[in-house]
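Here are my notes on the model, set out as numbered points for you to read beside the coordinates.

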Amino acid sequence: MGKRRAGRELLRSLSKKQKKHLREFGEEHPFYDQLLPLLLLHSCFPFQSDDSDKSSAASDSETEVEQVSGYHKLLATLKTSPESESEEEEDESESEEAEESEAEMDSEGSQETGEAEGGEEDKDDVPEEEEEATDTAEQMLSQEQADGTDASCDPRRGVIEEFTDVKHESEFSLETNFMEEESGDCNADRRDGNPFKQHMDKELEDKEIEKMSTLPKTSSQSQWPRLGQLIFSSTLEKHKTLKADKEVDVKQLHLHKPLESTWPKVNKQFLSSVDKPIDSPFTPLQRELFCIMNSYRDLFYPERNALTNGEEIRHAYCLHALNHVLKANAQVLSNNAKRRDRKPGTDTDDHRDQGLTRPKVLMIVPFRECALRIVHIFISLLEVNEKKKIDVSNKKRFKGEFGSDPEEKPPNLKRPEDYEAVFAGNIDDHFRIGVAILQKSMRLYAPFYSSDIIIASPLGIRTVIGAEGEKKRDFDFLSSIEILIIDQADIYLMQNWEHVLHLMKHINLLPLDSHGVDFSQVRMPNLNNWSKYYRQTLLFSALQDPQINSVFNKHCFNYVGQVAVRNVPLTGSISHVVVQLPHVFRRLEAESVTSMIDARFQFFIDKVLPEYRDAIMSHTLIYVPSYFDYVRLRNYFKKEDLNFTHICEYTKKAAVCRARRFFLKGEKQFLLFTERFHFYKRYTIKGIRNLIFYELPTYSHFYSEICNMLKATDNGVDATWTCTVLYSKYDAQKLAAVVGIDRTAQMLQSKKNVHLFVTGEN
């Protein structure tokens, strides 16, 4: 009876879509697994990253013990606060009432309420055959565990045991396959000037390794037509500055044989929208980016835009990654044939062509939709024509787990274009998948140690790596990564940047187990633990941020050098503010980056907040980028018994509705509002008369979006609108993105407050 009752309670908590999947497959879909909300909560919790990463701009050391203690202190305030407990109970009891009141409050309320929790259905709608479904699920789960093919999350272990393809192991094994014919694939890789051969066959000396470990990097600047200002940096001498190619011949790029013919066809969709030179297979942006990629230098490009150039960039790095894998595997297969035919006693040192583990490329992307698009690009690049389709194992399963249902999105939901582009398709952020490629076949869901490419989210890879002290953890498969691609790095600031830092600490380490490797075939740099000096890192972001810069500067050791795009914004996002609004930028002083958090808080409560305590300054929204700062301010407001409400990414749907209603009607004077809530929801907050940016936004266009919310309520009080922004000298990059580089230089030189009045035409 107890098990059956527990099964009924579990089914009541499922939506209609989840119950349908349960009936059809006998298990919950991994996206709706019970453990996932906990992991997502952990992935979104920025206590560690917000504090430690800011301090990393000044120092590379991270004090994890102090961060954890601060995390638990704040958690203690959440748990022990009687008001928060009563609010949670009130959220559950008044959910329906709040939704109805919000629908009455404004026309978009029903749309936002429907989307707030991913379009969740009525949980009380339970099918009659719930007991039968529960029994079926248990039977299927036990059968899958017995077969060793698939299992859902186990909350007791905290680890996802997901499906891996074990049927095609021998077909995709590099050890047991050979290059049947000495085809043009391998001959092309032996041509003079092949970047792959030049980079991987270079044997560094001890003196060079010591120089890279101790000496600072020397840098030089260059101006390219499309990328703009480039900074080339390297420790080793005699590295010439790369020049942009005006025209590119595919045959001169040393692409693997099938890619020479498939790339122009796959990339044709982007060429139609630009003024292309004759027979050019690249857009101007792709041409310059691939020129750097193909030189095997590290690259940081902070101008990725999901609306404009995102897919162009994705296609370019997919071409580079696939070209690298095909060349590496062709070299191994060719050498396998030579070993098979060699005479006994022949020296085999010339045939060292592998790493300590097989995975060569690691691609970090934020959502399943990104992984789906990458795999589709790989398939398109490998298919020479429609008649010669490549064999892709587990393709149907992959589309089911990584695809999306168009009906999931509410039809009446309206959001900005950039939001639609970022959150398109399946936005589950907990996944990982291995891909093996051998000649004309692709294997999805390959075990990591049999994969050539691993595509994963930061959370997905973090749960495999684990933490120190955990029994079940593994990071040996990261030991021989030769290309690391981190795409849309800015989104990880909104998830949990700590996962990215955790990955960088565990990549290219010596494996703890041999995993059946033949050491006679392993390259000497891998045996010497020099893999990190050969790894190429490609980092793409929509913005420049100190935390992203820190990863590129302190965790990239490529002996060839690094290239960073460093363009300064001439005009800031303040020019997109369409309401007439006075902007007051108030400068605060701090001795260091580490003391900035406390200095900002003290400046706010001593200098800024007293000006807004008067009842005449009602309808004040306080925009807080850091969740750490949000909790600190919320606790202070409660302690001072201020009339306020608050909204964050963890606030329940009903509480969000109530907070917006109270703020609009003026029943609450202050509204604490987190940046990550705005990133994930993009609600329009009505009733704002006074704005306070506790810190400059991470995304510069959020500044104009928040300011333009003032026009949502037109009640004739435009003259009383105010906007106050807190900044310091350590916010130079964010400040330049908002007000432009010229104003930033003036504001940083002057220690006085700056008053700007925007009319919508500035």
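How many cavities of 30 Å³ or more does the count come to?

1. The count comes to three cavities of 30 Å³ or more, and it should be kept in mind throughout that the model is a predicted one. The largest cavity holds about 80 Å³ of space, and its lining is made up of Met200, Ser480, Ile481, Glu482, Asn508, Arg523, Pro525, Asn526, Trp530, Ser531 and Tyr534. By residue class, that lining divides into five nonpolar, four polar and two charged residues.

2. Turning to the open space, the second largest pocket has a volume of about 1,100 Å³ and is lined by 43 residues, of which Pro302, Ala542, Leu543, Ser700 and Ala737 lie nearest its centre. The elements that give two or more residues to this lining are H19, helix H21 (489-495), helix H29 (700-708), helix H30 (732-739) and helix H31 (741-749). H30 gives the most, with five residues, and the lining of this pocket divides into 20 nonpolar, 15 polar and eight charged residues.

3. An open sheet of 11 strands with mixed pairing follows the order E1-E2-E11-E3-E10-E9-E4-E8-E6-E7-E5. Its edges are strand E1 (218-224) and strand E5 (391-393), each of which pairs on one side only, while the twist averages 15 degrees from one strand to the next. Within this order, strand E3 (residues 298-301) pairs with strand E10 (residues 536-540) in the parallel sense over three bridges, and phenylalanine 300 stands opposite leucine 539 in E10.

4. Parallel pairing also involves strand E17, which is joined to strand E12 (residues 581-587) over five bridges and to strand E16 (residues 690-693) by four bridges. In the pairing with E12, histidine 583 stands opposite cysteine 723 in E17, whereas asparagine 690 has threonine 722 of E17 as its bridge partner. Five of the six residues of E17 (residues 722-727) are buried, so this strand is largely enclosed by the rest of the structure.

5. Which residues of H20 are buried? They are Pro458, Leu459, Gly460, Ile461, Arg462, Thr463, Val464 and Ile465, and because eight of the eight residues of helix H20 (residues 458-465) are buried, the helix is largely enclosed by the rest of the structure. The reader may wish to note that this list includes the arginine, Arg462. After H20 comes glycine 466, whose phi is positive, near 70 degrees.

6. A search of the whole structure finds 32 aromatic pairs. In the pair formed by phenylalanine 402 and phenylalanine 431, the ring centres are 5.8 Å apart and the planes stand at 85 degrees, so the pair is edge-to-face. Phenylalanine 402 belongs to helix H18 (residues 395-402), and phenylalanine 431 to the loop between helix H19 (417-422) and strand E6 (432-438), so the pair ties together parts that are 29 residues apart in sequence. Both phenylalanine 402 and phenylalanine 431 are buried.

7. A cluster linked by ring pairs deserves a separate entry, its members being Phe585, Tyr623, Phe673, Phe677, Tyr683, Phe693, Tyr703 and Tyr727.

How values were computed
Residues numbered from 1 in each chain as written. Predicted model: local features only at pLDDT ≥ 70, side-chain atom pairs only at ≥ 80, totals over all residues. Heavy atoms only, no water. Pairing = 2+ DSSP bridges. Axes fitted to C-alpha atoms, helices over the stretch in contact; angles between N-to-C directions. Buried < 20%, exposed > 50% of the residue type's maximum accessible area, 1.4 Å probe, protein only. 1 Å grid on protein atoms, 1.4 Å probe; cavity = no way out; pocket = protein on both sides within 12 Å on 5 of 7 lines; lining within 4 Å. Points joined across faces, edges and corners; volume = space filled by probe spheres on them. Nonpolar A, V, L, I, M, F, W, Y, C, P; charged D, E, K, R; others polar. Phe/Tyr/Trp six-rings, centres within 6.5 Å; stacked < 30°, edge-to-face > 60°.
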